[in-house]
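Here are a few short exercises to try with a structure in front of you. Have a go at each task before you read its solution.

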Amino acid sequence: MIKELIIQNWANVMVLLAFAVLLKTTVFLDKITILRLYALILGLFIFSQIVFAEFALADMNIMTEMRLTLMALRYSATPLIIAFVIFTLATNAKKTIFIPAFILLIIDLISIFTGVVFSLEEDGTLDRGPLGYLPYIMVGAYSVFLVYMLVKRSNKRPAEIFPIVFLCFSFTSGLILPFVLGRDYSHIFCVTITIALFVYYVFSILQLTEKDALTGLLNRQSFYATVTNEISDINAIITIDMNGLKEINDKEGHAAGDTALATLAYCFMQATTSKDSVYRLGGDEFLIVCKHVSEEEVKQLVENIRSKVSETKYSCAIGYSFCSEEIKNIDEIMKKSDEMMYKDKLEYYSQPGHTKYRG
């Protein structure tokens, strides 16, 4: 029994330990996120032990309520794990994300006595109830939502999309492989998820040189690389400057200012598409590079940004410039965009109730 436990869990334990050590040495995540990731590691380890214990009872042909309870926990664990991943990795995810997973847990526990999701025949074979496929539906729904949340907060570049897709593929494999591999898939599921999370985390570390630590947007160095290597693809620039950051810092503190910048960055990422790259150049200065877009698309993007920002208590000045026969040089495009942005900012500060513009 002990030998089998070690063999089946060795790879999972090794990856989890490597993950834990990497978290211990990280410097770019906040304390709460690190604690949540530690909790996720612990949850994956506990899940692997539940799987082992359940199948050990099955191999011994022990038909007890304990085995049914372990089955209920196994069916409920995957949606709970994905919900916890969303809560940990996705910015602005609410605790309500756990509600469907907890409802499934209650239904699975009720199934121990009613068989509404699963039951066991006298020979130990599984019998699916009327809601037998509900756990799989829940996994699929959570996986789709995970991709949506992570893509929405990303810069929509291949280097960021790949680990998100890889992570989702690992979870959704639980929709198909159990019917192909049978119960053997449960033995490899935990290590599959652990490896996927580890890969996602490593990719996040590799992207640090290109991203702004506070907002998750691309940084100034990444912008310089883009205009150097992809200049022929760029045909529009949007420049954005936050209004009132100095007042927020002076009156509420720099932590409040950081919250404001991060909130605006999230709005920008929500508004943009795969054609757009969002950068924080420094302070309250943001810039969006648009590639292969029409002028109407640029105008629509500006409106989308204004709409998203209007849902917050903050505001920003926006300017844009579209490449034309008269304006082709990137510096000229940025200059025209800045001129429009500063005009927008001056109009904001000229309104009653706003302090004089200070730069």
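**Exercise 1.** Find the mean pLDDT of the chain in this predicted model, and the elements with the lowest and highest means.

*Solution.* Begin with the whole chain: its average pLDDT is 83, and 91% of the residues score at least 70. Next, go through the elements: helix H1 (residues 2-25) has the lowest mean, 75, while helix H4 (residues 99-114) has the highest, 94. Keep in mind that coordinates should not be read in detail where pLDDT is low.

**Exercise 2.** Decide whether the faces of strand S6 are covered or not.

*Solution.* First recall that side chains in a regular strand alternate between the two faces of the sheet. Now take one side of S6: Cys316, Ile318, Tyr320 and Phe322 are all buried. Then turn to the other side, where Ala317, Gly319 and Ser321 are buried too. Both faces are therefore covered. For a neighbour, look at strand S3 (residues 234-242), which pairs with S6 in the antiparallel sense over seven bridges; alanine 236 has phenylalanine 322 as its bridge partner.

**Exercise 3.** Classify the ring pair of phenylalanine 98 and phenylalanine 102 as stacked, tilted or edge-to-face.

*Solution.* The ring centres are 6.2 Å apart, and the planes meet at 45 degrees. Stacked needs under 30 degrees and edge-to-face over 60, so this pair is tilted. Now check accessibility: phenylalanine 98, at 13%, is buried, whereas phenylalanine 102, at 44%, is partly exposed. Finally, both rings belong to an aromatic cluster with Phe84 and Phe87.

Technical notes:
Residues are numbered from 1 along each chain as its sequence is written. This is a predicted model: local features need pLDDT of at least 70, side-chain atom pairs count only at pLDDT 80 or more; totals for chains, interfaces and linings use all residues. Side-chain values use heavy atoms; hydrogens and water are left out. pLDDT is the predictor's confidence in each residue, from 0 to 100. Helices (H or I, at least four residues) and strands (E, at least two) are DSSP runs, numbered from the N terminus. Buried means under 20% relative accessible area, exposed over 50%, partly exposed in between (1.4 Å probe, protein chains only). Two strands pair if DSSP finds at least two bridges between them. Rings of Phe, Tyr and Trp (its six-membered ring) pair if their centres lie within 6.5 Å; planes under 30 degrees apart count as stacked, over 60 as edge-to-face and the rest as tilted.
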